[in-house]
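Take a moment to look over the sequence and turn the model around on your screen. Then let us walk through some of its residues, helices and loops together.

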Amino acid sequence: DEAYALINRHTVQNREDFLKLHGELASSLSNHWSRNGLRNLTVAEKYKIVDLFVKAVAFNSAHPSENRREALYSFGNVPLDKFSLIAISSLFNGIVVNPTPSMGHIRYEQTYGFLQNQVYLLTQATNIPNLVFDHYAWNLTH
């Protein structure tokens, strides 16, 4: 409920709006995790959870943030996994996370932000919603 409330408090009209929302969702998750006495989340864990939640909201109807779906679909970050990281490595010359990549290899917020920005620049240049990249990455490797 707290995550939906955060989404509903934000108007997302561009990438900058989304990044502010994303930061608040990540902080909220970290705070919730800490309040419950759990260990600190790694960068990979925190952002994977947030990105999967945003993707679920963007792709599913009949939830408390229904009116925000299109903006999240257009500007949401791609949940990084071995498939998206392989796609990034194949599309962007010189970007190699690891020979056998996984989200767990993303240890720094700067690395996460850089990869997400590269994907966003590509989707904007090709005029497609950002989360379409996730579909492309899955199809590339299957």
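Y120 counts as buried in this predicted model, because its relative accessibility is 11% and the cut-off for buried is under 20%. You will find Y120 in helix α6. Which residues does Y120 touch, if we do not count those up to four places away in sequence? They are R15, S74, F75 and N130. To get a feeling for distance along the chain, compare Y120 with E109: they are eleven residues apart along the chain, and their C-alpha atoms are separated by 16 Å.

**Another residue of α6**

Helix α6 covers residues 109-125, and Q116 is found there too. Is Q116 buried or exposed? Q116 counts as buried, because its relative accessibility is 1%. Not counting residues up to four places away in sequence, Q116 touches R15, D51, N77, V78 and L80. You have met R15 already, since R15 is also one of the residues that Y120 touches.

**Where two helices meet**

Now move to helix α5, which spans residues 82-91 and holds S84. S84 has a relative accessible area of 0%, so S84 is buried. Leaving aside neighbours within four places in sequence, S84 is in contact with V78, P79, F133 and A137. F133 and A137 belong to α7, and they take part in the contact between α5 and α7.

How do we describe such a pair? Two packed helices are described by the angle between their axes and the distance between the axes. For α5 and helix α7 (residues 132-141), the angle is about 90° and the axes are 8 Å apart. What word fits this arrangement of α5 and α7? Angles of 65 to 115 degrees count as roughly perpendicular, and therefore α5 and α7 are roughly perpendicular to each other.

On the α5 side, the residues that meet α7 are F83, S84, I86, A87, I88, S90 and L91. On the α7 side, the partners are F133, Y136, A137, W138, L140 and T141. Sorted by class, the residues of this contact are ten nonpolar, three polar and no charged.

L140 is a good place to zoom in on α7. L140 has a relative accessible area of 40%, so it is partly exposed. With neighbours within four places in sequence left aside, L140 is in contact with A87 and S90. L140 and A87 are 53 residues apart along the chain, yet their C-alpha atoms are separated by 7.0 Å.

N139 lies in α7 as well. N139 is partly exposed, with a relative accessible area of 42%. Between N139 and A87 there are 9.6 Å, C-alpha to C-alpha, and the two are 52 residues apart in sequence.

**Out in the loops**

Next, look at two loop residues. A62 is found in the loop between α3 and α4 (69-75). Its relative accessible area is 78%, so A62 is exposed. N127 sits in the loop between α6 and α7. N127 is exposed too, with a relative accessible area of 71%.

What can be said about the phi angles of these residues? Phi of A62 has a positive value, near 65°, in a residue other than glycine. N127 also has a positive phi, about 60°, although N127 is not a glycine.

Here are the relative accessible areas of several residues from this tour.

| Residue | Relative accessible area | Class |
|---|---|---|
| S84 | 0% | buried |
| L140 | 40% | partly exposed |
| N139 | 42% | partly exposed |
| N127 | 71% | exposed |
| A62 | 78% | exposed |

**The largest pocket**

Finally, find the largest pocket, which has a volume of about 200 Å³. Which residues line the largest pocket? They are E2, A3, L25, S28, L29, H32, I49, V50 and F53. The elements that give two or more residues to this lining are α1 (2-9), α2 (15-35) and α3 (43-59). The largest share, four residues, comes from α2. By class, the lining of the largest pocket has six nonpolar, two polar and one charged residues.

Terms used
Residues are numbered from 1 along each chain as its sequence is written. This is a predicted model: local features need pLDDT of at least 70, side-chain atom pairs count only at pLDDT 80 or more; totals for chains, interfaces and linings use all residues. Side-chain values use heavy atoms; hydrogens and water are left out. Buried means under 20% relative accessible area, exposed over 50%, partly exposed in between (1.4 Å probe, protein chains only). Contact means heavy atoms within 4.5 Å. Axes are lines fitted to C-alpha atoms, for helices over the stretch in contact, and angles run from 0 to 180 degrees between N-to-C directions. Angles under 35 degrees count as roughly parallel, over 145 as roughly antiparallel, 65 to 115 as roughly perpendicular and the rest as oblique. Ala, Val, Leu, Ile, Met, Phe, Trp, Tyr, Cys and Pro count as nonpolar, Asp, Glu, Lys and Arg as charged, and the others, Gly among them, as polar. On a 1 Å grid over the protein atoms alone, a cavity is a set of points where a 1.4 Å probe fits but cannot get out, and a pocket is an open set with protein on both sides within 12 Å along at least five of seven lines; lining residues have an atom within 4 Å of a point. Grid points are joined across faces, edges and corners, and a volume is the space filled by probe spheres set on the points.
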